[in-house]
Amino acid sequence: MFTNYHILCNIIIDSGTLWRKVGDLKMFMGEYHHNIDEKGRLIIPAKFREELGNRFIVTRGLEKCLYVYSEPEWNNIVAKIKTLPFTKKDVRTFVRSFFSGATECELDRQGRVNITSPLVSYADITKECVVIGANDRIEIWSEEGWNQFFLDNADKIEDIAENLFEGSGLNETL
């Protein structure tokens, strides 16, 4: 059988059979609903576990959710933040919030992460959670927080996409 191979963003696409990942391109995507137990343990979706690795970082995110980063991605973020001028108040405030909430985690044998109580409290997580892939990170939301975020932004997505991708050619492919 004849197949064509195309290279796009470090991905080899074999248009006749399958897709293979090559290089360091990693992406988290999807939406999963799970419950956190009374000990603060939450199942990380199986599809995220391999990309996440054995050790990873959970910290405060924006919009009252939690960000989960693989170690390599965390190291990239730390390197970028180190370039910011600590003499600026906004930088110091962000660094304090972002790093003080950060904790290194591992999955247990059942694929669960133990989330610290300050992080659970920050994200207003009570029981039902939504775990989403957000490209280079995973986000953990309370179900109520995610639903509200989605409702608040559902009517704006088209305008946001148009503004973000204007002139890039990407908005024509979306």
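Start by selecting Pro45, in the loop between strand S5 (41–43) and helix H1 (46–52). The model on screen is a predicted one. Pro45 counts as buried because its relative accessibility is 4%, against a cut-off of under 20%.

Next, show what surrounds this proline. Apart from neighbours within four places in sequence, Pro45 is in contact with Tyr32, His34 and Val131. For a distance label, pick the C-alpha atoms of Pro45 and His34: they are 8.7 Å apart in space, with the two residues 11 apart in sequence.

Now zoom out to the whole protein chain. In cartoon view it has 7 helices and 11 strands. Colour by accessibility, and 32% of its 174 residues count as buried. A contact map adds another view: among contacts between residues at least 6 apart in sequence, 57% join residues at least 24 apart.

Select the sheet next. In which order do its strands run? The order is S4-S10-S11-S7-S6-S8, an open sheet of 6 strands with antiparallel pairing. Strand S4 (28–35) and strand S8 (103–106) are the edge strands, each pairing on one side only. From one strand to the next, the twist averages 25 degrees.

Within the sheet, isolate S10 and S11. These two strands pair in the antiparallel sense over 5 bridges. To find one bridge, select Gly133 and its partner in S11, Ile138.

Two helices can then be added to the sheet. Helix H2 (residues 71–82) lies across strand S6 (55–60), strand S7 (66–70) and S8, and runs at about 105 degrees to S7. H5, in turn, lies across S4, S10 and S11, at about 100 degrees to S11.

Keep H5 selected and turn on the pocket surfaces. The second largest pocket holds about 440 Å³ of space. Its lining has 14 residues, and those closest to the centre are Ile132, Ala134, Trp146, Phe149 and Ile157. Which elements each supply at least two residues of this lining? They are strand S10 (128–135), strand S11 (138–142) and helix H5 (143–153). H5 gives the most, with 4 residues.

Finally, colour the lining of the second largest pocket by residue class. It divides into 9 nonpolar, 2 polar and 3 charged residues.

Technical notes
Residues are numbered from 1 along each chain as its sequence is written. This is a predicted model: local features need pLDDT of at least 70, side-chain atom pairs count only at pLDDT 80 or more; totals for chains, interfaces and linings use all residues. Side-chain values use heavy atoms; hydrogens and water are left out. On a 1 Å grid over the protein atoms alone, a cavity is a set of points where a 1.4 Å probe fits but cannot get out, and a pocket is an open set with protein on both sides within 12 Å along at least five of seven lines; lining residues have an atom within 4 Å of a point. Grid points are joined across faces, edges and corners, and a volume is the space filled by probe spheres set on the points. Ala, Val, Leu, Ile, Met, Phe, Trp, Tyr, Cys and Pro count as nonpolar, Asp, Glu, Lys and Arg as charged, and the others, Gly among them, as polar. Two strands pair if DSSP finds at least two bridges between them. Axes are lines fitted to C-alpha atoms, for helices over the stretch in contact, and angles run from 0 to 180 degrees between N-to-C directions. Contact means heavy atoms within 4.5 Å. Buried means under 20% relative accessible area, exposed over 50%, partly exposed in between (1.4 Å probe, protein chains only).
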